[in-house]
Amino acid sequence: GVELSEKHWNLIDFLRDEYINNAANQPNTRAIVKAMSEKWNEKIGQKDVYELFPKDPSKQGGRIAGLPESRRKGGY
């Protein structure tokens, strides 16, 4: 139920690139926020990426990107 914009595709491409080129890494929300801030040349927060993927940017975005389910439990 998510209509994909250019920013959605930037995030999906980042998740795919991390998975394919970084030993099947599935980044957490903190890493996504940092990467998208650099990509979009603006300071963003977790709220901004959760607006794109409300159910969790790393998990919902990964599902839409066609990646396997994240094994991460959350937390640090």
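Along the sequence, the pattern here is α-α-α-α. That is 4 helices and 0 strands. Before going on: this is a predicted model, and the values I quote are computed from it.

Overall dimensions next. The C-alpha trace spans about 30 × 25 × 25 Å along its principal axes. The radius of gyration is 11 Å, and a compact globule of 76 residues would come out near 11 Å, so the chain agrees with that expectation.

On packing, 38% of the 76 residues count as buried. If you take the contacts between residues at least 6 apart in sequence, 56% of them join residues at least 24 apart. The exposed area of the chain is about 5300 Å², with carbon and sulfur atoms supplying 46% of that.

Now to helix 4, which covers residues 57–65. Which of its residues are buried? They are Pro57, Ser58, Gln60, Gly61, Gly62 and Ala65. And what covers them? The cover includes helix 1, residues 6–21, as well as helix 2, residues 29–40, and helix 3, residues 46–52. After helix 4 comes Gly66, with a positive phi near 85°.

A reminder on geometry, since it helps when reading a list like that one. An α-helix has 3.6 residues a turn, so residues three or four places apart point the same way.

Arg63 also sits in helix 4. Is Arg63 buried or exposed? It counts as exposed, because its relative accessibility is 57% and the cut-off for exposed is over 50%. For a distance to check on screen, take Arg63 and Ala31: they are 32 residues apart along the chain, and their C-alpha atoms are separated by 17 Å.

Last, the surface. Leu4, Trp9 and Ile64 together make a nonpolar patch of about 240 Å². Of these, Trp9 belongs to helix 1. Trp9 has a relative accessible area of 39%, so it is classed as partly exposed; that class lies between the 20% limit for buried and the 50% limit for exposed.

To recap: four helices in the order α-α-α-α, a radius of gyration that agrees with the compact-globule value, a helix 4 whose buried residues have helix 1, helix 2 and helix 3 among their cover, and a nonpolar patch made by Leu4, Trp9 and Ile64. That is what I have.

How values were computed: Residues are numbered from 1 along each chain as its sequence is written. This is a predicted model: local features need pLDDT of at least 70, side-chain atom pairs count only at pLDDT 80 or more; totals for chains, interfaces and linings use all residues. Side-chain values use heavy atoms; hydrogens and water are left out. Helices (H or I, at least four residues) and strands (E, at least two) are DSSP runs, numbered from the N terminus. Buried means under 20% relative accessible area, exposed over 50%, partly exposed in between (1.4 Å probe, protein chains only). Contact means heavy atoms within 4.5 Å. Patches are made of residues with over 30% relative accessible area and no salt bridge: like charges are joined within 9 Å, nonpolar side chains (Val, Leu, Ile, Met, Phe, Trp, Tyr) within 5 Å. Accessible areas come from the Shrake-Rupley method with a 1.4 Å probe; for residues, only the protein chains shown count as cover. A salt bridge is a side-chain nitrogen of Lys or Arg within 4 Å of a carboxyl oxygen of Asp or Glu. The radius of gyration is taken over C-alpha atoms; the globule rule is 2.2 Å times the number of residues to the power 0.38.
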